[in-house]
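Student: I'm new to this structure and would like a close look at a single part of it. Please start with two helices that meet, and then show me what else is worth finding.

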Amino acid sequence: MLELNNIVKTYVTGDVRVDALNGVSVAFRDSEFVAVLGPSGCGKTTLLNILGGLDRYDKGDLVINGVSTKKYSDRNWDAYRNHSVGFVFQSYNLIPHQTVLANVELALTLSGVSKEERRARAVAVLEKVGLGDQLKKKPNQMSGGQMQRVAIARALVNDPEILLADEPTGALDSETSVQIMDLLREVARDRLVIMVTHNPDLANEYATRIVRLQDGRVIGDSNPYDGSQEDESTRPETHKDAKANLRIKNMSFFTALSLSLNNLMTKKGRTILTAFAGSIGIIGIAMILAMSTGVHNYIDKVQQDTLSKYPLIIGSETMNIGELAIAMQDSVSSVIFGDKEDGFVYTYPLMEEMLSAMSEEMQTNDLAALKVHIDNPTNGFADITQCIQYQYAVNINAYTNMEGQDSFRVNPSSLLSSMGASSGTTSGIGSELMTSQMQSWSEMLNNQELLESQYNVIAGQWPQAYDEIVLVVSNDTLSDYDLLALGLTSQEDLRNMIQGIMMDKEYTYDVPEKYSYEELMGLTYKLVLPTDYFKYDEKTQLWSDISKDEAEMKEVIDNAITLKVVGILEPAEDAVALSISGTVAYTSALTEYVVNAVANSDIAKAQLDNPDVDIFTGAKFDAGDADQVEVTMDMIYALINSDQFTDEQRTQMQGMFAAMSEEQIIEMFRPYFTHKTTEATYESNLALMQYTTLDNPSGISLYPLDFAAKDLIADKIKAYNDSVPELQQIRYTDYIGLLLSSVTTIIDVISYVLIGFVSVSLVVSSIMIGIITYISVLERTKEIGIIRSIGGSKKDISHIFNAEAVSIGFISGLVGIGFTFLMTFPANIILKNLSDIPNLVELPWIPAVILVAISVFLTFISGLIPSKFAANRDPVVALRTE
């Protein structure tokens with residue numbers, strides 16, 4: 001039963017108050033056809049809106065099945081309209097972009113009915129109103145009578161207890177009006193139908209009860225009812241708690257999405273333009289990410305290729321370049337950026353601070369302990385490296401060995417001295433740089449498989465013994481520098497050429513055109529050990545340097561071991577990187593031979609056996625005064641017989657000695673020995689003769705299998721550092737990785753800055769989409785009223801417009817990503833032609849998905865305000881909007 005008790009409804013517009021209903025009290029039976037008659041403005045439609053829960057009364061009470069509605073919430077009213085009330089409007093109020101079937105299904109969708117059930121129920125009710133063959137049509141394809149039948153079907157599909165009809169025939173012709181009235185009378189057989197009309201003839205013919213209104217009051221009732229006559233047994237269901245029987249559900253997101261997409265498809269042109277405008281920011285960011293990713297991938301590839309040629313090098317001494325720069329910056333910043341008095345120029349100690357910082361940042365690495373750790377197979381270094389190479393502080397001193405020619409050193413290179421660098425005549429050439437780059441002899445890696453993958457043997461064979469070497473040529477060619485370094489051309493010609501160029505004089509510089517494989521294979525060289533440059537003097541019992549004595553050096557070279565060229569190599573065509581840096585290559589066995597030979601030499605043993613005495617001067621390393629030097633007659637006789645005295649002086653001294661005691665002679669010669677000091681140290685003497693052992697390398701080169709292995713090596717070194725005291729920890733600088741990391745950092749910073757700028761356009765696009773959503777709200781105001789009238793909640797309305805904003809954002813994201821993906825093809829073609837680097841623009845799929853999600857999120861945020869505005873629209877006002 002539906003009952004109005006003293007209902008008052010007043011509208012206030014400015015200072016004007018209009019009493020639409022003024023104390024209306026009327027009760028309705030569960031099943032009757034009530035016609036409400038009255039002139040325009042008497043409150044008929046307001047009464048209908050209050051009965052249907054679209055409008056709220058100011059005073060009084062609306063009782064539904066015995067339950068007061070004074071404490072009804074918005075959700076209770078929504079459920080009431082959806083389950084208990086059906087509306088039929090004079091203007092039909094169908095959603096234009098939905099089909100007939102979808103319009104009828106909408107009420108069931110809001111009720112949470114499954115797709116299959118709501119389809120069956122909607123078809124059944126449409127067939128009942130005679131529209132079973134019109135399911136796929138749109139409202140604008142139908143006549144007025146057909147649209148009103150659809151409106152009636154929509155009102156009946158939820159099987160409501162109450163059907164409210166507002167001028168249902170007002171826009172129809174007479175014949176169609178009769179059809180609609182017959183349909184309403186049929187409906188009124190099993191439910192309450194309340195119809196508002198101006199036509200008394202229709203009311204008298206079809207209604208079972210007529211209620212007349214005037215000036216907001218009931219002035220007549222043809223069949224009044226007070227509720228006391230109702231038979232409880234005839235009620236289809238007890239309604240002691242009406243709210244308990246109402247299922248309150250919100251529209252699902254997919255339903256809201258479907259409604260939104262249908263609306264967007266009715267405005268295809270605007271939707272496409274909006275989506276494209278919204279995609280501009282996505283396109284900008286996606287292109288930046290694509291270029292950044294492509295460049296990153298290229299840098300990674302370069303680093304991987306570089307690692308196959310340049311190892312991770314750990315030296316016996318190292319310096320942290322980054323910490324050095326920070327230390328220097330901190331030390332001088334206080335001077336540069338401190339307070340200064342005008343009119344003065346201030347100085348700061350740059351060189352002092354730089355040298356101090358270098359001294360502080362320099363660290364000695366214990367490579368002997370690290371070698372033990374690396375050589376331990378349980379630590380896994382061998383599994384992630386192509387090769388582990390140990391360097392030692394010894395030179396491979398190679399001299400030419402050609403019949404009829406004077407020998408000269410070819411390694412380490414003596415070309416700079418031949419060019420006059422020592423005298424300063426070639427200062428413009430940059431002697432230090434040239435010294436580091438002019439070494440043509442290098443040690444091969446201890447990985448024969450890797451070597452054979454990089455080089456082909458075009459003559460001879462790979463070296464098998466420590467005294468065998470190979471030549472490396474490129475395309476069967478050797479440069480004139482290679483020939484000079486190999487001793488195949490005259491250094492005299494080189495000097496003439498240098499002087500001729502520098503002094504603009506004529507010169508002769510003949511370079512042989514070619515050499516046969518046999519000629520090159522016949523080359524031999526003499527290996528002079530570092531300790532061979534020193535000779536023991538029996539008279540002085542001291543060691544001296546003979547490297548400047550041509551006669552002595554000729555003897556040394558003649559007696560030195562011979563190195564033989566046994567093969568000629570050339571790079572393989574498919575080699576990505578080459579591990580041999582010079583023209584002559586030797587094995588690590590030769591280095592080990594030199595290390596062991598030096599360690600076993602007489603001079604090395606002499607210094608090792610006398611750690612307190614400088615074997616080159618005879619002085620103690622820590623001698624400070626005469627009392628520390630014990631002078632003997634043997635030392636005096638050795639001194640007299642040395643080159644410091646002539647034969648005549650020796651004869652005179654012998655005469656003097658005959659008249660002197662031994663003590664007097666020692667005191668006379670003590671000054672020769674008291675000033676005998678040395679600036680050398682035990683360690684510097686060993687370094688001078690290049691003494692070392694195989695257990696104490698001066699450098700370690702680790703060749704990773706790949707880029708990932710390089711990181712694993714770094715992790716293993718870190719683990720090693722964590723296991724030893726701080727003073728024994730290893731420090732090194734990965735220059736290649738540092739350089740490429742800096743480049744990567746720069747690219748990242750540029751990318752972030754550009755993304756920041758482009759993001760502004762993305763935000764602007766989102767705001768524009770919010771404005772478009774607001775316009776859509778204004779355009780669909782009547783649809784808002786329709787959905788609210790059939791039980792849609794405020795949240796349902798909000799969901800619909802949020803879904804529309806999300807749809808536009810999703811489409812914008814897809815358009816942006818799709819456009820960017822297509823643009824990568826021409827961009828890569830252009831960049832390939834300009835830089836010869838392929839695939840510099842690559843759009844990764846994960847950031848692409850994230851960008852689409854960001855687009856959806858931003859448009860969702862921008863649509864919150866318009867959707868909230870739509871949800872708060874008064875459904876009564878919305879239904880009146882055209």
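Student: At what angle do helix α8 and helix α29 pack, and how far apart are their axes?

Tutor: Before we dig in, this is a predicted model, where local features need pLDDT of at least 70 and side-chain atom pairs count only at pLDDT 80 or more, while totals for chains, interfaces and linings use all residues. Residues are numbered from 1 along each chain as its sequence is written, and side-chain values use heavy atoms, with hydrogens and water left out.

Now to your pair. Helix α8 covers residues 253-265 and helix α29 covers residues 794-835; they pack at an angle of about 65 degrees, and their axes are 8 Å apart. (Axes are lines fitted to C-alpha atoms, for helices over the stretch in contact, with angles from 0 to 180 degrees between N-to-C directions. Helices, H or I with at least four residues, and strands, E with at least two, are DSSP runs numbered from the N terminus.) The crossing of α8 and α29 is right-handed (the near helix is turned clockwise from the far one by less than a right angle; anticlockwise would be left-handed).

Who does the touching? On the α8 side you'll find Phe 253, Ala 256, Leu 257, Leu 259, Ser 260, Leu 261, Asn 263 and Leu 264, and they meet His 799, Ile 800, Ala 803, Glu 804, Val 806, Ser 807 and Ile 808 of α29 (contact means heavy atoms within 4.5 Å). Sorted by class, that contact has 10 nonpolar, 4 polar and 1 charged residues (Ala, Val, Leu, Ile, Met, Phe, Trp, Tyr, Cys and Pro are nonpolar, Asp, Glu, Lys and Arg charged, and the others, Gly among them, polar).

Let's stop at Glu 804, which sits in helix α29. Is Glu 804 buried or exposed? Glu 804 counts as buried because its relative accessibility is 2% (buried is under 20% relative accessible area, exposed over 50%, partly exposed in between, with a 1.4 Å probe and protein chains only). Leaving aside residues up to four places away in sequence, Glu 804 touches Ser 260, Asn 263, Leu 264, Ser 776 and Arg 780.

There's another helix pair to set beside this one. The axes of helix α3 (residues 100-110) and helix α4 (residues 115-128) come within 9 Å and cross at roughly 125 degrees, so the two are oblique to each other (under 35 degrees is roughly parallel, over 145 roughly antiparallel, 65 to 115 roughly perpendicular, and the rest oblique). Here, too, α3 passes α4 in a right-handed crossing. Val 100, Leu 101, Val 104, Glu 105, Leu 108 and Thr 109 of α3 make the contact with Arg 118, Arg 119, Arg 121, Ala 122, Val 123, Val 125 and Leu 126 of α4. Those residues divide into 8 nonpolar, 1 polar and 4 charged.

Next, a sheet. Three strands form an open sheet in the order β11-β25-β14, with antiparallel pairing (strands pair if DSSP finds at least two bridges between them). β11 (312-315) and β14 (385-391) are at the edges with a single partner strand each, so one side of each has no neighbour in the sheet. From one strand to the next, the twist averages 10 degrees.

Strand β25 (residues 699-704) pairs with β14 over 6 bridges, in the antiparallel sense, and Tyr 390 stands opposite Ile 700 of β25. On the β11 side, 4 bridges join β11 to β25, also antiparallel, and Gly 315 has Gly 699 in β25 as its bridge partner. Side chains alternate along β11: Leu 312 and Ile 314 point to one face and are buried, while Ile 313 and Gly 315 point to the other and are not. Helix α12 (residues 367-375) lies across β11, β14 and β25, running at about 30 degrees to β25.

You can also look for an open sheet of 6 strands, ordered β6-β7-β8-β3-β9-β10 with mixed pairing. Its edge strands, β6 (85-88) and β10 (217-221), each pair on one side only.

Stepping back, the chain comes to 31 helices and 25 strands, and 47% of its 882 residues count as buried. Among contacts with a separation of 6 or more, 78% are between residues 24 or more positions apart.
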